[in-house]
Each structure stands twice: as C-alpha cells, then as structure tokens.
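Let's take a walk through this model, one region at a time. Keep the viewer open and follow along.

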Amino acid sequence: MDKPELKPAPVFSEQELKIRQSRATAMAWVLAALVLLFFIVTIVKLGPNVLNRPL
Amino acid sequence: MMNDQAQTSTPLQQAVISPGTARDFFALLKPRVMSLVIFTALVGMLLAPVPVHPVIGFAALLAIAVGAGASGCLNMWWDSDIDQIMTRTARRPIPAGRVTREEALSFGMVLSFISVMVLGVFTNWFAAGFLAFTIFFYVVVYSMYLKRSTPQNIVIGGAAGAFPPMIGYAAVTGELNLDTFILFGIIFLWTPPHFWALALVKSDDYARVGVPMLPVVAGPDATRLQILLYTVILVPFAVLPSLLGFGGLAYGLTALITGALLLACAVRVYSMREGALANRVAMQMFGFSILYLFLLFAVLLVERLMQLNGLPFIAWPDMLSLKGML
C-alpha cells in the first residue's frame, strides 16, 4: 500500500493566532452566558416544581 | 508579519484562519439597528396587560435582538456586492475583506435559527413564528427583491423594522392587539421620511450601484414632497397612543411638540433645494427623525413603567380621547 502523501502543516502568523484566540474566547463567553441563561430560565419557568421529581 | 505570511502561504492555508475578529462579527449584526429593535420591542412587551417575569422578558428581548442582528448579517451577505462600491458601506466587514461572504451567511443563518428557537422555547411559538417571518421579510422580501426592483422598497421594507413592538407584545401574551398595530404604524410611517432624508444626500451612491431609491428614480424634488407628505400623516398618527389611552398626557405632548419640530424639518427639506444647505437640512431631518422616534418610545416606556410601579399616570383629557371608539 502506498504511503499517503503528507501535506505540509499550515503555518500561521502570530497575528492570525491572536485573532483566532480572541474569537474563541468571545465564543466561549457567549456559550457560557447561554448556558447560564438557559439554566436561570429553566428555574424561573419551573418555579418550585424544580425540586418536585420522582426519587 | 501577517503580510510576510500571506506572501509565503498557499491560498488554502490562508483560508484556514479567518481574519475577522469578534468585533467584526458583532458589526455584522448592525448594533445600532439592534438597539432600536431592543428598545421598541421592550415597549411592546411592557404594554402587555399581564406582567412578564424579568428573566423571561430579558431572554425574549435578547432573542428578538439576535434575530434582528441575524437579519442584518444576512442583509450584509446579500448586499456585499454593492456595499463595496458605496462610500457609506465600503468599510463594513465583508467589503473591507475582514469577513468572507460564506462566514457571514453561516453566521446569519445559525443566529436566525437559534433566535427563533430560543424565543419559541422561552415564550411562545406565535412570537417565534413572527420573528422568523420578520427575518424572512427583511432578508428575502426587502433585501433580495424590493431593494433593487422598486422605489417603494423602503416603504414596504420598512414593515420589517416596525414589527419588533408587535413581537415583544406577542412574546408576553401570545397574541396581538390594536395598540401594537398603532406602534407598528408609527414606525412604518416614520421609516420613509427618515430614510429618504439620508437617500437625498447619498443618492449618487445609490445611482452608482443601480439601487432604485426614490431620489434616483423620481428625482430629489419628488422625494422632498414625499418626505413632507409622509411627515404630515405621521405626526397626527403618532398622537394616537394618547387618544387611545395607552399613552398619557406626557406622551401626547411629546408627540405634538416633537412632531411639530419634525414637520418644520420636513418643510425646510421641501423648500431648500439647492447647494450644501439642501444637504445640511436633509441630514438635520435624518438626525432629528432618530431623536423623534427615540423620544416617542422613551416617554411611552417611562409612562408605562410608572403605571406598573403604582406611580401616578396622568391620562390624556377624556374629552379629547378616542377610547372606546375603536
């Protein structure tokens, strides 16, 4: 079997990596905020029933 | 450093990391339009006869705002060909080369889907469907069809910007009432004179890209007349919230005073037609029209908040009221 031809790994500049990092950080914050929002809305919608579950 | 890299890497490698920052993606959402949407949707929400839980209200507003932002993003995706030619829009993220069209399309579609789903799950599916329709109307009906085919583009397309108070109300109650149609009417009638004032000054831009804005097709004088006519209809219409009882005395007086000033702006635009002064009065009209709409909704909001907190609400005099007639 032929050995697959390896492509050279892309090389990124510091600037490109910095932009990607900042975008990923922003995305992480947005996702964390969404998780928190969904959690709080669930509590608000369920009210006291949030603890009412079969054991 | 980035330039060195761009010269040595292959096109495939260059495409791996987008040069768009989080700020560029945020700019795709048209934040200024989004803030107006949040504001008007909040007023619609508070007009509801039933109180909304602050957390649910906040989440619903967020979903409506993201939906509006998504439609702005999809509008920039569709219009990127003309945006790069027009001076007003050439610095937007896509024409400036910071975000690709594909990225904008994906971003807009994902946000549209999320905003509609979130509004549906958090509030009700009528409001979510209305938000989905608004996004469709702005992107497909206005951006893809009306904008490049008729000088009435901004008149009909303006409906998209007028829906948020209705969506806000629907998010709380699951239905619509007459009050929300009045708020819709105010924004709907406000949009053409507001936008045509700007289009008068930027008509060369629109002519260059072949967008049939009214000043390009019918000429500046016909546009000035239309601005005046729409303002003449808008100013008394904007007093209706007081006459119908959901706006108080403060709102009515604000609508009358700022309406008179807006009308004065429109008369100046109509009468001053030559040179730099003509452009200046048109931009004054454009700027004041933003303040006008902001003040109307701000006073309505303050009055409603006072009412909800048990503070005195000074109603419009009964003898001038239309309550019970409609």
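For the purposes of this tour, a salt bridge is a side-chain nitrogen of Lys or Arg within 4 Å of a carboxyl oxygen of Asp or Glu. With that in hand, look at R224(B) and D221(B): their side chains meet in a salt bridge, at 3.3 Å from N to O. Bear in mind as we go that this is a predicted model.

Both R224(B) and D221(B) belong to helix α14 of chain B (residues 220-237), where they are three residues apart, about one turn of the helix. That spacing makes sense, because an α-helix has 3.6 residues a turn and residues three or four places apart point the same way. The two ends of the bridge sit in unlike surroundings: R224(B) has 6% relative accessibility, so it counts as buried, while D221(B), at 39%, counts as partly exposed. Elsewhere, D79(B), D81(B), K147(B) and R148(B) are joined into one network by salt bridges that share partners.

Let's zoom in on that network. R148(B) and D79(B) form a salt bridge whose closest N and O atoms are 2.8 Å apart. Here the partners come from separate stretches of the chain: R148(B) is in the loop between α8 and α9 of chain B, and D79(B) is in the loop between α5 and α6 (80-83) of chain B, so the pair ties together parts that are 69 residues apart in sequence. D79(B) counts as buried because its relative accessibility is 0%, whereas R148(B) comes in at 30% and so counts as partly exposed. Another bridge to find is the one between R92(B) and D83(B), at 3.1 Å from N to O; both R92(B) and D83(B) are buried. Over all chains, a search of the whole structure turns up eight salt bridges.

How many salt bridges does the rule find across the interface of chain B and chain A? Zero. What the interface does have is contact between 23 residues of chain B and 20 residues of chain A. The size of an interface is often given as the accessible area lost when the parts come together. Between them, chain B and chain A bury about 1,900 Å², with 77% of it on carbon and sulfur atoms.

Now for the rings. Searching the whole structure gives 14 aromatic pairs over all chains. Take F126(B) and F130(B): their ring centres are 6.2 Å apart and their planes at 50 degrees, so the pair is tilted. Both residues lie in helix α8 of chain B (residues 125-145), four residues apart, again about one turn of the helix. F126(B) is partly exposed because its relative accessibility is 38%, while F130(B), at 11%, is buried.

A little further along, F133(B) and F163(B) make another tilted aromatic pair, 5.9 Å centre to centre with 55 degrees between the planes. This pair reaches out of the helix: F133(B) lies in α8 of chain B but F163(B) sits in the loop between α9 (153-162) and α10 of chain B, so parts that are 30 residues apart in sequence get tied together. F133(B) has 38% relative accessibility and so counts as partly exposed; F163(B) is buried, with a relative accessible area of 9%. Step back and you'll see that ring pairs link F126(B), F130(B), F133(B), F137(B), F163(B), F184(B) and F188(B) into a cluster.

For a ring with a charge above it, go to Y270(B), where the charged end of R273(B) sits over the ring, 4.5 Å from its centre. Y270(B) is a handy lead-in to the next stop.

That stop is helix α16 of chain B (residues 249-271). At 1.5 Å a residue its 23 residues should span 33 Å, and the end C-alpha atoms are indeed 33 Å apart, which agrees. Its buried residues include Y251(B), T254(B), L262(B) and V269(B), and the buried residues of α16(B) pack against α11, α14, α15 (240-243) and α17 of chain B.

Finally, give helix α4 of chain B (residues 31-46) the same check: 16 residues should span 22 Å, and the end C-alpha atoms are 22 Å apart, which agrees. Among its buried residues are M34(B), V37(B), F39(B) and M45(B). The buried residues of α4(B) pack against α3 (22-27), α5 (54-78), α10 (164-173), α11 (178-201) and α17 (275-308) of chain B.

Technical notes. Residues numbered from 1 in each chain as written. Chains lettered and ligands numbered in written order. Predicted model: local features only at pLDDT ≥ 70, side-chain atom pairs only at ≥ 80, totals over all residues. Heavy atoms only, no water. Helix = DSSP H or I, 4+ residues; strand = E, 2+ residues; numbered from the N terminus. Expected span 1.5 Å × (residues − 1). Buried < 20%, exposed > 50% of the residue type's maximum accessible area, 1.4 Å probe, protein only. Contact = heavy atoms within 4.5 Å. Phe/Tyr/Trp six-rings, centres within 6.5 Å; stacked < 30°, edge-to-face > 60°. Lys NZ or Arg CZ within 6 Å of the ring centre and 35° of its normal. Buried area = accessible area lost by both parts, 1.4 Å probe.
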